[in-house]
Every structure is written in C-alpha cells, then in structure tokens.
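This note is offered to a colleague who is meeting the structure for the first time. Its points take up the ligand site, the pocket and the backbone in turn.

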Amino acid sequence: MVRYLRIDSSHPLYPQTLELRERILLAPVGYDIAAFESAYPAARDFLHFIAAIDHPQGERVVGVVCLIPNHPEKGVGKLMQMAVDPQRQREGIGRRLVIELERSAFADLGLKTLFCHAQETAVNFYLRLGWEVEGEAFDEAGIPHRKMVISAPEMGAEAATDAGGGELGLDQKAPYGV
Ligand SMILES: CC(C)(COP(=O)(O)OP(=O)(O)OC[C@H]1O[C@@H](n2cnc3c(N)ncnc32)[C@H](O)[C@@H]1OP(=O)(O)O)[C@@H](O)C(=O)NCCC(=O)NCCS
C-alpha cells in the first residue's frame, strides 16, 4: 500500500525524502542538498508531499514533490523537486503526488496558480495532469526545460465546502479535473 502524506523537516521520513531528491534530481546535475539549499534559500521553506510504502525494515519513501507557496508572489505557488523512485515509476505515484499538491495548494492554501519548470522529458507527464506549457524552452542546470502552469479550478459553493476535509484527502477524489 502506498501512503501519501505532507511532512515537515521534523518528520522521521524527512531524511529519506532528502536522500530521494538528492539521488534522482540533484546528483545528476552535480548538486547535493546542502549545495542546493545554499544556491536556492527558498528550499528551506518547501512543503514536502511524499509517497511511502511498507517495508520489512521500516517505511520507505518512494516519491516526493515540493511546493513553495506564495512564490514569487502572493497567490502563486511553485512546484519543484518532483521525483519517483525508478523502481516505482509508471504506477501512478507521481500523478497522485501532484494531485495532493494541487489539492493542498488550491483548496487549503487558496493559491490561484501553480507553475513549475519541467524538464523536457517530463512535459508529457504534466500535460496528462492538465498543466499547460507557457513560453519557449530554456536551459536550467544544463537541461532543457519548459515553464508549465495550471490554474485553480472554478469551484461552486458545494465543491468548495467538500474540498477541505481529511488528512490530505488521501482517498478522496480531487475536486478538480486532473
Ligand atoms: C516524471 C516522473 C515524476 C513521473 O512519475 P510516475 O510516478 O512515473 O508517473 P505516473 O505513473 O503517475 O504517470 C502519470 C501519467 O504520466 C505519464 N508519464 C509518466 N512519466 C512520463 C514521462 N517521463 N514522459 C511522458 N509521460 C509520462 C504516464 O504514462 C501516465 O500517463 P496516463 O495518464 O496515460 O496514465 C518520474 O518518471 C520521475 O521521477 N522521473 C525522473 C525525475 C524527473 O524527471 N522529474 C521531473 C522533473 S520536472
């Protein structure tokens, strides 16, 4: 069973979460967490959404995605550091993490727009989730990227009331179309 949760730096799974980010996203471009946080100070305020599975030696983190709320301005959020363990990719874990991040960003935090800098190879993943490409390709850490965006869903009064409940709404349906 995969468990989805939002954690902060005091959570026991936080160190594993940093290891996963480092292994999948940072090491390939020559960074470790310390170097990343010093180059990108906002990283210390990331909200972490993780996927964890049972394992005989204790829970294992197999997916992560981060959100910086109200960045670079109020009402806007940046999705960063999206990674799923290669052994567990293409099982829907990445999709579910983005849905949980969107739910939190739009329903709980009241953000209006999300954006990310998607590696070209991941653009289709976000397109499948309803995100759209904005502008031209650009280079980041030597890798071609595209800016991608998604807006908060228009919610009627009923949907807005339903949207807030539950610990991350774990097994609830997202109130917006993804
Ligand atoms: C990109 C990544 C996060 C996707 O996670 P995942 O758990 O494998 O994705 P899912 O299984 O939830 O896939 C959701 C959908 O996106 C599609 N998809 C997943 N990865 C894709 C990719 N790299 N390219 C195109 N489509 C992709 C899936 O086929 C699926 O499509 P469906 O709607 O038809 O079912 C994962 O492959 C990964 O960590 N890659 C390495 C790091 C990376 O590139 N991170 C993104 C940086 S911007």
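1. Helices and strands are named here as DSSP runs, with at least four residues for a helix and at least two for a strand, and they are numbered from the N terminus. The model under review is a predicted one.

2. With that naming, the lining of the largest pocket may be described. At least two of its residues come from each of H1, helix H2 (33-39), S4, H3, S5, H4 and strand S7 (143-151). S4 supplies the largest share, seven residues.

3. The largest pocket holds about 1,200 Å³ of space. Its lining comprises 39 residues, and those nearest the centre of the pocket are Leu 25, Met 82, Gln 119, Ala 122 and Tyr 126. Sorted by class, the lining has 23 nonpolar, nine polar and seven charged residues.

4. What takes up the space of the largest pocket? The ligand does. Two or more residues of the shell around the ligand come from each of helix H1 (14-26), strand S4 (76-84), helix H3 (93-108), strand S5 (113-119) and helix H4 (123-128). Which element gives the most to this shell? It is H4, with four residues.

5. The shell around the ligand consists of 20 residues, and the nearest of them are Arg 90, Gly 92, Gly 94, Arg 95 and Arg 128. By class, this shell has ten nonpolar, six polar and four charged residues.

6. Polar contacts of the ligand deserve separate attention. At Arg 95, an N or O atom of the side chain is 2.3 Å from an oxygen atom of the ligand. Two further contacts involve the backbone: a polar backbone atom of Arg 90 is 2.7 Å from a ligand oxygen atom, and a polar backbone atom of Val 84 is 2.8 Å from a ligand oxygen atom. As for cover, the ligand exposes 890 Å² when taken alone, and the protein buries 78% of that area.

7. The loop between strand S3 (60-69) and S4 contains Pro 72. The peptide bond that joins His 71 and Pro 72 is cis, with omega of about 5 degrees. Asn 70 also lies in the loop between S3 and S4. Although Asn 70 is not a glycine, its phi is positive, at about 55 degrees. Why do these backbone values merit a remark? They do so because most residues other than glycine have a negative phi, and most peptide bonds are trans.

Note on methods: Residues numbered from 1 in each chain as written. Predicted model: local features only at pLDDT ≥ 70, side-chain atom pairs only at ≥ 80, totals over all residues. Heavy atoms only, no water. Near = heavy atom within 4 Å. Polar contact = N/O pair within 3.5 Å; in protein donor to acceptor, adjacent residues only side chain to side chain. Areas by Shrake-Rupley, 256 points an atom, 1.4 Å probe, with all protein chains shown as cover. 1 Å grid on protein atoms, 1.4 Å probe; cavity = no way out; pocket = protein on both sides within 12 Å on 5 of 7 lines; lining within 4 Å. Sits in = over half its atoms within 2 Å of the grid points. Nonpolar A, V, L, I, M, F, W, Y, C, P; charged D, E, K, R; others polar. Points joined across faces, edges and corners; volume = space filled by probe spheres on them.
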